Amino acid sequence: MASRAAERRKQYDLVEGRKAGIIPPAVDKHGKDINPHIPEYIAKKPWYDLTQEPGLEHQKKQKPEPRKLLSSSFIRGQKTHQADSYRKGACENCGAMTHVSKACMERPREKGAKHTNKYIAPDEKLFESSGELDYDAKRDRWNGYDISRYAQDTKVYEAREEARKKYRKEEQMKKLEETASAAVDEKEDEAKVDESQQVDFGKVEKRVRTTGGGSTGTVRNLRIREDTAKYLYCLDVDSSYYDPKTRSMRENPNPENDPNENFYAGDNKNRETGQALEFKHLNVYAWESSDKGQDVHPQAAPSQAELLYKSFKVSKGMLNAKNKDAIMQKYGSAAAEGDIPKELLLGQSERQVEYDRAGRIIKGIEMAITRSKYEEELYINNHTTVWGSWWKAHQWGYKCCKQMIKNSYCTGAAGIEASEAAADLMKANIARKETSEEPAPAEGNKIKLAPWGTDVPEDQVLDPKRLDEALKKEDGRRREERDERKRKYNVKWNDQVTAEDMEAFRMKKVHHDDPMKDFLHQNKIDSDSVIICKAGN
């Protein structure tokens, strides 16, 4: 009942509003009222919306329609029919009916099929659209491509690329040979660039972008677009750095390649030749002149800087020529006297020398043998051989007398016999000493103990009783050192040290580099504590 009352109230308000001249609000397709205070430029639909129904649907985000799947029955590149003669409306280049000459993918012929009526290309099977595909699906360039042909197409493309690179390399080598021959014949500067290498470089083309046909600017052909870009010469990330903003690669991207086969060696190579080098010298001259107080600036006043640099080169050349003339006048010039003799250049002459059967010279002069600058065959101190002609026991000597002292006097064969006799005598004395050694004394009350240290003689014999007393005395002395309270007031020192006292000191001495010193010290402490406990009990 409430809804019916509200509906009647709404209709009554509409009738009363029309009587009063009030326009009711518009209603959209969903039955909702549209606020009449919305501006017209927002509520009005665009011109391409053909419905022109009231509402604000055009202001909301539209949901994209689902894409239609591509047809799998179509295969690109299939041939259908090949005509024998040219047909009206066919491609003027190849003669196929499925495309026009503007979209023809065949090689441009010198005379098209329309004029020759020969070599008519077959028609291609086109994609049959059912009207259900969207804009992107109908214009997909890979629609109908047979993936089984990918390997074959790749091989054909790579073979074509290899042939193109080989042809370009041969052309570049021919250009280099022509440039080198022209430089030799005409004696031109090596930094001059052959005009054949910069075809169409200075060509200026106009860009026409206005309706009246006017030009908005000019474009200069900086490089041929078929050339390989700099950043594609080497794809290694650790190779030379390429700056995309300035399109420059200063270092050589392939330094390991042969320089004769490397057609691009970095931009630094071009900066060291031609006008770039001249510009670099101009800047250096400007910097040096500015440091010396001269007002030279190649950017602010380029003409003035270039004129000053030219005058500087002329004056510098005159000064160098003057210095050269002064040096030649003082010291002379070997190059100005004449050509160098051929015998000095080639190392041979036309001299003829004749010998007899015995090897004596009959005619001519024998060529001098080249010798060292040091004196040869020079013997000192009556020696007949040189020092170092004999080797024994890692020592050099003379072979004639077998002496190892360089400044010694040669004694000949007598010296060799004397040295051998001396060696035999020494061997005999050593053998006699080994046989005459006395046997070790029998062990009794005296015992031979192993000493501690390297400064104890091997034949040292110690008394065991005195050694025990010395060990006890050394223990007492060490306890006094650890505890000064046990030290007596009146200390008597005895400077009479016996061999047993030294041996006890060595035996009780702590060696810090001994790995067992901590273990022995701990055992000593344990034994001392056991003795103290027994004494207390």
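**Helices and confidence in a predicted model**

Biologist: What does M173 count as at 34% relative accessibility?

Modeller: In this predicted model, M173 is found in helix α5, residues 150-186, helices being DSSP runs of H or I with at least four residues, numbered from the N terminus. Buried means under 20% relative accessible area, exposed over 50% and partly exposed in between, with a 1.4 Å probe and protein chains only. Because its relative accessibility is 34%, M173 counts as partly exposed.

Biologist: What is the relative accessible area of Y285?

Modeller: Y285 lies in helix α7, residues 274-291, and beyond four places in sequence Y285 is in contact (heavy atoms within 4.5 Å) with Q294, V296, A305, L308, Y309 and F312. Among these, L308 is 23 residues away along the chain, with the two C-alpha atoms separated by 9.3 Å. Y285 is buried, its relative accessible area being 9%.

Biologist: How far does helix α8 reach from its first C-alpha to its last?

Modeller: Helix α8 covers residues 302-331, which makes 30 residues. Its expected span, 1.5 Å times one less than the number of residues, is 44 Å. The reach in the model is close to that value, at 43 Å.

Biologist: Over which residues, with eight contacts beyond near neighbours in sequence, is the pLDDT below 50?

Modeller: Residues are numbered from 1 along each chain as written, and side-chain values use heavy atoms, without hydrogens or water. Local features need pLDDT (the predictor's confidence in each residue, from 0 to 100) of at least 70, side-chain atom pairs 80 or more, while totals for chains, interfaces and linings use all residues. The protein's mean pLDDT is 77, with 71% of residues reaching 70 or more. The stretch with eight such contacts and pLDDT below 50 is residues 190-199.

Conventions: Helix = DSSP H or I, 4+ residues; strand = E, 2+ residues; numbered from the N terminus.
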